[in-house]
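This report describes the fold, the surface and a selection of residues of one protein chain. The sequence and the structure are shown first.

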Amino acid sequence: MLSRVADAMYWMSRYLERAEHVARLLDVSFHTELDLHGVLSGPLKLQWNALLAILQVDVIPEPEESLQQAISRRLTFEMEIPTSIMMCVNRSRNNARSVRGSIASEMWRELNKLYWQLSDPDFRQQVLTSPHDLYQTVQVGSQLFQGICDATMSHDESWQFIQLGKYLERADKTLRILDVKSQLLSRLTSPTELPLANLQWGSVLMSCSAYESYRRLYISRVEHERVIEFLLMNPELPHSVRFCLERAADALVEISGKPLERNDSPAARRLGRIISGLRYRDIDDLIESGLHDVLATAMAGVSQLSSSIQQQYSLH
């Protein structure tokens, strides 16, 4: 297939997945603020600063704005911020438009509808009056797009590049959420801070669409070692790092036509190394090795993997 088409498929999917993650992070932060409102001011600032660290952006409020209002406004609509929802949806739509003949008309219709909803001035006002509804619209729009994609497109090379973009972006965001939150929450060590730590670890699960799956597997209270293990190593959770990278490996095998163990490309070797580390190490070993170092190494590995794939298949 043409590298231009592969490039558009990959980035169309990756940008929309990124928009969904930003919307979910904002939604979870908004609800966590409601839960903590009136309790303490420190935890509120911690929550919003964690979000900025995960997305690697810096936001300075205007004089009349709170930090939450400034972050919500800028990360939702600001076109100068590469990770804002509007910028990601716009880039996804531009890539989809360049390959309209290669995707299902229903996919284009759903993505186009989401873009024009976010462009509507009346709808944009919801970020102030009812942010949950706006962020839900983005998340549902992205999930509808991916569902329509799976149900209507042939699972050929084009579809495999869509899977690569989606799962690499998802693995990257799960790793960043875990890294930033585990460092911040490691400071909450006193018994009086335990309820706050549990609430924050619950928000980590919700940020990865994993809260209900976790509660079905573990009946007891939220415990940070289990959360980390669940989001890093669970082979069945769609947002765990292992699940995402194994699905990315499946896509790479289909695209290259070679089993991963017989593929000596830099991308295949990197992907194999990261997956092996997640399959064959246990959580106690990871924590003893220094969780931040382990997560930083995994993030660097996923970043190098993305660069290798982009270089190998001429994706920009």
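How many disulfides does the count come to by the rule applied here? The count comes to 0 disulfides, where a disulfide is defined as a pair of cysteine sulfur atoms within 2.5 Å. The model is predicted, so local features need pLDDT of at least 70 and side-chain atom pairs count only at pLDDT 80 or more, whereas totals for chains, interfaces and linings use all residues. Residues are numbered from 1 along each chain as its sequence is written, and side-chain values use heavy atoms, with hydrogens and water left out.

**Cysteines**

A disulfide is a covalent bond between the sulfur atoms of two cysteines. For C149, the closest cysteine sulfur is that of C244, at 16 Å, which is too far for a bond. C244 also holds the closest cysteine sulfur to that of C208, at 9.2 Å, again too far for a bond. C149 is buried, with a relative accessible area of 0%, and C208 is likewise buried at 0%. Here buried means under 20% relative accessible area, exposed means over 50%, and partly exposed lies in between (1.4 Å probe, protein chains only).

**Overall fold and surface**

The secondary structure consists of 16 helices and 0 strands; helices (H or I, at least four residues) and strands (E, at least two) are DSSP runs, numbered from the N terminus. The radius of gyration is 20 Å, close to the 20 Å given by the globule rule for 316 residues, so the chain is as compact as a globular protein of that length. This radius is taken over C-alpha atoms, and the rule is 2.2 Å times the number of residues to the power 0.38. Along the principal axes, the C-alpha atoms fill a box of roughly 55 × 50 × 35 Å.

Of the 316 residues, 56% are buried. Among contacts (heavy atoms within 4.5 Å) with a separation of 6 or more, 65% join residues 24 or more positions apart. The chain exposes about 14400 Å², of which carbon and sulfur atoms supply 50%; the areas come from the Shrake-Rupley method with a 1.4 Å probe.

**Helix residues**

Helix α3 (residues 67–77) is mostly covered, with 8 of its 11 residues buried. Among them are R74, L75, T76 and F77.

T32 belongs to helix α1 (residues 3–36) and is buried at 4% relative accessible area. Leaving aside residues up to four places away in sequence, T32 touches Q47, Q200 and S203. S203, in turn, is placed in helix α10 (residues 194–207) and counts as buried at 1% relative accessibility. With the exclusion of residues up to four places away in sequence, S203 touches V28, T32, Q47 and K181.

**Loop residues**

Three residues located in loops are listed below.

| Residue | Loop | Relative accessibility |
|---|---|---|
| G101 | α4 (85–98) to α5 (105–119) | 80%, exposed |
| Q56 | α2 (42–55) to α3 | 58%, exposed |
| S209 | α10 to α11 (211–217) | 38%, partly exposed |

Most residues other than glycine have a negative phi. Q56, which is not a glycine, has a positive phi of about 55°, and the phi of S209 is a positive value near 55°. G101 is 42 residues from Q143 in sequence and 21 Å from Q143 in space, C-alpha to C-alpha.
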